Amino acid sequence: METGGSDSCSTIPAKYRKQGQNRPPSGDALKEFSENIKDFGTCPACGGKIIKGRQGYGCSNWKAQDGGCRFVIWDLISGKKLTPANIRTLTGGKTTRKYVFKTPNGGKFRAKLKLEKNPSGRWETAMLERENY
Ligand SMILES: [Zn+2]
């Protein structure tokens, strides 16, 4: 049962909020903090580690001898560049907050992102609650 869920989805763990407060009030420091995230979570398909590739984030078990996992999250989706924090939200099975995306013909829309398994068993970054912007 989905009931909007804006509370449960956008909750930032208390420990991150605390760290932010203890840092000097500099936007750069916070940016650096989020850019330095190296743990992108766990592959929902096989439980492998998520690693950063050239065009997105993939599974450490991509090699055939490791199972040939094809799981991938593209880091650029309709004009929105996903941050490491976004990737962790997605691989954690959570929904992101609403972001603004661009359509190919210059329009804009807002949507939340969530990883979903499609009927053929492939994981996709789905757009939820899409609305015109
Ligand atoms: Zn995998």
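Student: How confident is the predictor in this protein, as pLDDT?

Tutor: The model is predicted, and its pLDDT averages 83. Of the residues, 72% score at least 70.

Student: Which residues have a pLDDT below 50, and how many contacts do they make beyond near neighbours in sequence?

Tutor: Residues 4–10 fall below 50. This stretch has four contacts in the model beyond near neighbours in sequence.

Student: Why is T95 called buried?

Tutor: The cut-off for buried is 20 or more other C-beta atoms within 10 Å. T95 has 21 C-beta neighbours inside 10 Å, so T95 counts as buried.

Student: Where is T95 found, and how far is T95 from L115 in sequence and in space?

Tutor: T95 lies in the loop between helix 4 and strand 6. T95 and L115 are 20 residues apart in sequence, while their C-alpha atoms are 7.9 Å apart.

Student: Which residues of helix 4 are buried, and what do they pack against?

Tutor: Helix 4 covers residues 84–91, and its buried residues are N86, I87, T89, L90 and T91. These buried residues pack against strand 1, strand 2, strand 3, strand 7 and strand 8. Just after helix 4, G93 has a positive phi of about 80 degrees.

Student: What makes strand 2 and strand 3 a pair?

Tutor: Strands pair if DSSP finds at least two bridges between them. Strand 2, residues 56–59, is joined to strand 3 by three bridges, so the two count as paired. They run antiparallel, and Y57 stands opposite I73 in strand 3.

Student: What is the order of the sheet with strands 1, 2 and 3, and which are its edge strands?

Tutor: This open sheet of three strands has the order 1-2-3, with antiparallel pairing. Strand 1 (50–52) and strand 3 (72–74) are called edge strands because each pairs on one side only. From one strand to the next, the twist averages 20 degrees.

Student: How do you know that strand 6 and strand 7 pair?

Tutor: The requirement is at least two bridges. Four bridges join strand 6 to strand 7 (residues 108–117), so the pair meets that requirement. The two strands run antiparallel, and R110 in strand 7 is the bridge partner of V100.

Student: What is the order of the sheet with strands 6, 7 and 8, and which strands form its edges?

Tutor: The order is 6-7-8 in an open sheet of three strands, with antiparallel pairing. Strand 6 (99–102) and strand 8 (123–132) are the edge strands, each pairing on one side only. Here the twist averages 55 degrees from one strand to the next.

How values were computed. Residues are numbered from 1 along each chain as its sequence is written. This is a predicted model: local features need pLDDT of at least 70, side-chain atom pairs count only at pLDDT 80 or more; totals for chains, interfaces and linings use all residues. Axes are lines fitted to C-alpha atoms, for helices over the stretch in contact, and angles run from 0 to 180 degrees between N-to-C directions. pLDDT is the predictor's confidence in each residue, from 0 to 100. Two residues are in contact if their C-beta atoms, placed from the backbone, lie within 7 Å. A residue is buried if 20 or more other C-beta atoms lie within 10 Å of its own, exposed if 12 or fewer, and partly exposed in between; C-beta atoms are placed from the backbone.
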